[in-house]
Every structure is written in C-alpha cells, then in structure tokens.
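Reader: I should like to go through the backbone and the helix packing of this model in order. Please state the basis of each answer.

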Amino acid sequence: MRVPLSIGIGNRTLDLLGEATGGVIENPFDKVLYWLIAPGAAVAWDMSRLPSIDVWGATAYIEVPPAARTTGPGVHWRVLLRYDRYLTDPVALLAALRTATREALGPREEAHR
C-alpha cells in the first residue's frame with residue numbers, strides 16, 4: 001500500500017492506527033509510506049474513495065531497507081517489523097486511510113455503478 005506523506009495522509013494514518021500498525025517503510029525521496037498487507041487483501045477496496053493511495057500487488061518492487069535502518073537519509077523503516085506484527089490488518093488500515101483521506105481532501109462521494 002503506497003500512501004503519500006505530502007498531503008498528510010501517511011502521517012495521519014500512522015497516528016490513527018497507533019500500535020495496530022504493522023511494518024511501515026518510508027521513502028523520503030518519493031515522500032511516501034508503504035504499509036505491508038497480505039497479497040490480495042485490498043482487492044475489493046473502492047479506490048475511488050482513496051484517490052491518492054495506490055495498492056501494489058505481490059509482484060511490485062518496493063525497496064526494503066535492512067532491519068537496522070530506522071532513520072534516514074534514504075529509505076528506512078518508519079515502523080520496524082516485530083516478530084508478532086509485520087503485516088497490518090487490512091480492515092483497520094482501510095478505516096484509517098478513509099479517515100485520513102477525508103480529513104486531508106474532504107468527503108469522498110461513493111462511486112456509482
């Protein structure tokens with residue numbers, strides 16, 4: 001899950017998730033955070049309500065820093081993996097992303113099908 005820092009969604013999502021977040025990678029060059037979720041966990045998400053966020057699949061390339069790199073410069077762990085928590089619960093992440101997006105961009109209308 002690729003989430004922008006530039007408009008506040010990334011940091012607000014971290015705040016909302018708190019201890020419920022799994023590992024999070026920060027790329028300060030692209031100004032994004034990456035949340036790790038199980039492959040396919042976001043397949044049914046309505047991304048029209050999350051216009052600044054990208055879901056990347058299992059074949060996407062993400063630079064993963066060494067476990068010891070927890071500060072910049074460069075790509076680093078914003079939230080380090082733990083043995084009991086490395087993936088973020090997709091239900092909790094979706095709720096946090098919706099709230100953070102609404103706060104940053106205003107209410108999003110439901111897509112009509």
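Reader: In which loop is P73 found?
Author: This is a predicted model, in which local features need pLDDT of at least 70, side-chain atom pairs count only at pLDDT 80 or more, and totals for chains, interfaces and linings use all residues. Residues are numbered from 1 along each chain as its sequence is written, and side-chain values use heavy atoms, without hydrogens and water. Strands (E, at least two residues) and helices (H or I, at least four) are DSSP runs numbered from the N terminus. On that basis, P73 belongs to the loop between β3 (32-35) and β4 (76-79).

Reader: What is omega for the peptide bond from G72 to P73?
Author: P73 lies in the loop that links β3 to β4. The bond leading into P73 from G72 is cis, with omega near 5°.

Reader: What phi does K31 have?
Author: K31 sits in the loop between β2 (24-27) and β3. Although K31 is not a glycine, its phi is positive, at about 55°.

Reader: Why is α1 oblique to α2?
Author: The axes, lines fitted to C-alpha atoms over the stretch in contact, give angles from 0 to 180 degrees between N-to-C directions. Those of α1 (residues 9-17) and α2 (residues 90-105) come within 8 Å. Angles under 35 degrees count as roughly parallel, over 145 as roughly antiparallel, 65 to 115 as roughly perpendicular and the rest as oblique. The pair is therefore oblique, since the axes cross at roughly 135°.

Reader: How many residues of the contact of α1 with α2 are charged?
Author: Contact means heavy atoms within 4.5 Å. I9, R12, T13, L16 and L17 in α1 meet residues of α2 including L93, L97 and E103. Asp, Glu, Lys and Arg count as charged, Ala, Val, Leu, Ile, Met, Phe, Trp, Tyr, Cys and Pro as nonpolar, and the others, Gly among them, as polar. The contact holds 10 nonpolar residues and three polar, and the number charged is two.
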